[in-house]
Amino acid sequence: MKIIKTLSLGVGLMAVAQFTTAAGAGNTIETVDPEADRMALQNFYKKRFPDTELDDYVNGIYSVDAASRAQWEELEEFPPYEFAVEEGERLFNEPFANGKTYASCFANDGVGIRQNYPYWNKQEGTVKTLEMEINECREKNGEKPLKWGKGEIARISAYMAWTSRDNVFDIKIPEDDPRALAAYLEGKKFFYSKRGQLNLSCANCHLQGSNVRIRADLPSPALGHVSHFPVFRSKWGELGTLHRRYKGCHKDSRSKPQEMQSDIYRNLEYFQTYMSNGLVVNGPGARK
Amino acid sequence: MKKTLLLSAAILLTPTWVMAETLKEAFETHRAMYGKDHTFTWQGKEYSTNHPEELEARVEPTQGNATALLELAKAENKKAASVGYEWKLTRGLLKNAEAAIKEGEYQRALNLAAQAKYHARIGIEQHAYAEKNWQLSVPQ
C-alpha cells in the first residue's frame with residue numbers, strides 16, 4: 001500500500017541559519033534579554049561589515065555598499081524630502097477647527113521627541129507609535145484621522161523627525177509591566193519567523209541577506225532600520241511611513257501583509273527601534 | 001502549484017545545510033525531478049510525490065464537488081489568516097475558483113481550490129514550525 005505523506009516546506013525550512021546552541025535562550029518571556037539582543041545584533045554586523053562604523057548604520061544600505069553610496073550622497077545634496085518637511089511644518093502648526101494645534105498633544109510641544117517613539121503605554125496596554133498619536137491628536141480635537149501610509153501623516157511625521165535630528169534613540173521597556181517585554185518579544189519573533197510562499201523571514205534578507213543581491217535589490221542591515229523614517233523613496237516618488245515599508249517587505253515573502261499600525265507591526269517597530277537604541281534620529285531619509 | 005516551493009531553494013541564504021535527508025527533502029527532490037504521480041522509497045517505505053490536495057482535486061468535475069472543495073479551501077485559508085500566515089496570492093486563487101464554478105469550468109475550479117488549500121495548509125505548517133524554531137536564526 002502506498003503511504004501518502006503530507007509534505008511541504010522541505011528545502012525552505014533548511015535555509016534557517018543556525019546560530020543558536022542553547023535552547024530557550026532569549027525566546028521566552030523568562031529568558032528574553034533586549035540588551036543582550038541589541039549587543040548580539042551589533043556584533044553580528046561588526047563581524048559581517050568590519051569597515052562600517054556603528055554610527056553609520058543609520059544610513060541603511062549606503063552604510064555597507066560603497067557603490068550606491070556615492071549616488072545617494074549626491075541625492076542628499078538636494079534632498080527630495082525638503083519640500084515635504086516644510087509642508088509638514090505648516091500642517092503641524094495649522095490650527096484645528098477648535099483652534100488647537102498638534103503641539104497641544106505632545107511632550108515639549110512635539111519638538112525634538114521622535115527618539116522616544118515607539119513607547120510602551122501602560123494605561124492602554126499597548127505600544128504607541130508617533131503616527132498613531134498624530135491621529136489620536138486629530139480625533140481628540142474633532143478632526144478625521146489621516147491615512148497611515150503616506151500624504152499628510154508622513155509629512156507631519158517627517159517634520160517631527162526633522163526637529164529631532166541627532167537625538168539619540170532611547171526606547172525603554174518598562175520593568176513594572178511584563179506586557180511591555182511580551183510586546184518586544186512578539187516583535188522579535190515576527191522578525192525572525194519564516195513565512196509566505198517564499199518562506200522568508202525579515203532576518204533572511206536583512207541579516208543573512210544584507211548587502212547580498214536578491215533579484216535587483218540589496219537589502220540593508222537591520223541595525224538602524226527605523227532611524228530615518230518616514231522616508232522619501234525614489235520608487236514611490238514620495239514620502240512614506242515605516243509601516244508602509246513593513247507592508248511592502250512583508251509582501252516580499254509572498255505573504256498577505258498585515259494592516260498598518262496593527263498590533264504586530266507596532267510590536268515589530270518596538271523591537272526594531274530598541275535594536276537601534278544609541279543611534280541617532282536622521283529622518284526623514286532618502287532611499288532608492 | 002509544483003513550482004511554488006522551489007523558489008525558496010533558489011534563495012540560498014543559508015550558511016549551514018542539514019546533511020541527513022529528511023522525508024520532506026526526499027519528497028521535494030523526487031517531486032522536482034519526476035513531478036506528480038511518482039512513487040519513491042524512503043527508509044524502506046513507499047511514498048507518493050502527490051500533494052494531498054492534488055488527490056482531492058481528482059474527483060468528478062461537478063458543480064457540487066468543486067463547490068465543496070472551494071469551501072474547504074476557504075476554511076483552511078481562514079485558519080492560516082487567523083495565525084497571521086496567509087499567503088499573498090491565495091485569495092486570488094479562491095476568487096478565480098469561484099469564477100470558474102460560475103462559468104461551469106469545474107475541473108479548473110477544482111484545481112484552483114486545491115492550490116489555494118495547499119497554500120493555506122503550508123502557511124499553517126509554517127506557523128507551527130516558526131513557533132518552535134524561530135529562535136534558531138537569532139544571532140547570539
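**Architecture of the two chains and a shared positive patch**

In the predicted model, the secondary structure of chain A amounts to 10 helices and five strands, where helices (H or I, at least four residues) and strands (E, at least two) are DSSP runs numbered from the N terminus. The model is predicted, so that local features need pLDDT of at least 70 and side-chain atom pairs count only at pLDDT 80 or more, whereas totals for chains, interfaces and linings use all residues. Residues are numbered from 1 along each chain as its sequence is written, chains are lettered from A in the order in which they are written, and side-chain values use heavy atoms, with hydrogens and water left out.

The radius of gyration of chain A, taken over C-alpha atoms, is 20 Å, which agrees with the value near 19 Å for a compact globule of 288 residues under the rule of 2.2 Å times the number of residues to the power 0.38. Of these 288 residues, 58% count as buried (under 20% relative accessible area, with exposed over 50% and partly exposed in between; 1.4 Å probe, protein chains only).

Chain B contains six helices and two strands, arranged along the sequence as α-α-β-β-α-α-α-α, and 46% of its 140 residues count as buried.

A:Arg215, A:Lys235, A:Lys251 and B:Lys88 form a positive surface patch, a patch being made of residues with over 30% relative accessible area and no salt bridge (a side-chain nitrogen of Lys or Arg within 4 Å of a carboxyl oxygen of Asp or Glu), with like charges joined within 9 Å. A:Arg215 is located in the loop between α8 (202–208) and β3 (231–233) of chain A and is exposed, with a relative accessible area of 70%.

Key
Patch = residues over 30% accessible without salt bridge, like charges linked within 9 Å, V, L, I, M, F, W, Y side chains within 5 Å. Areas by Shrake-Rupley, 256 points an atom, 1.4 Å probe, with all protein chains shown as cover. Lys, Arg positive; Asp, Glu negative; His and termini not counted. Charge placed at Lys NZ, Arg CZ, Asp CG, Glu CD.
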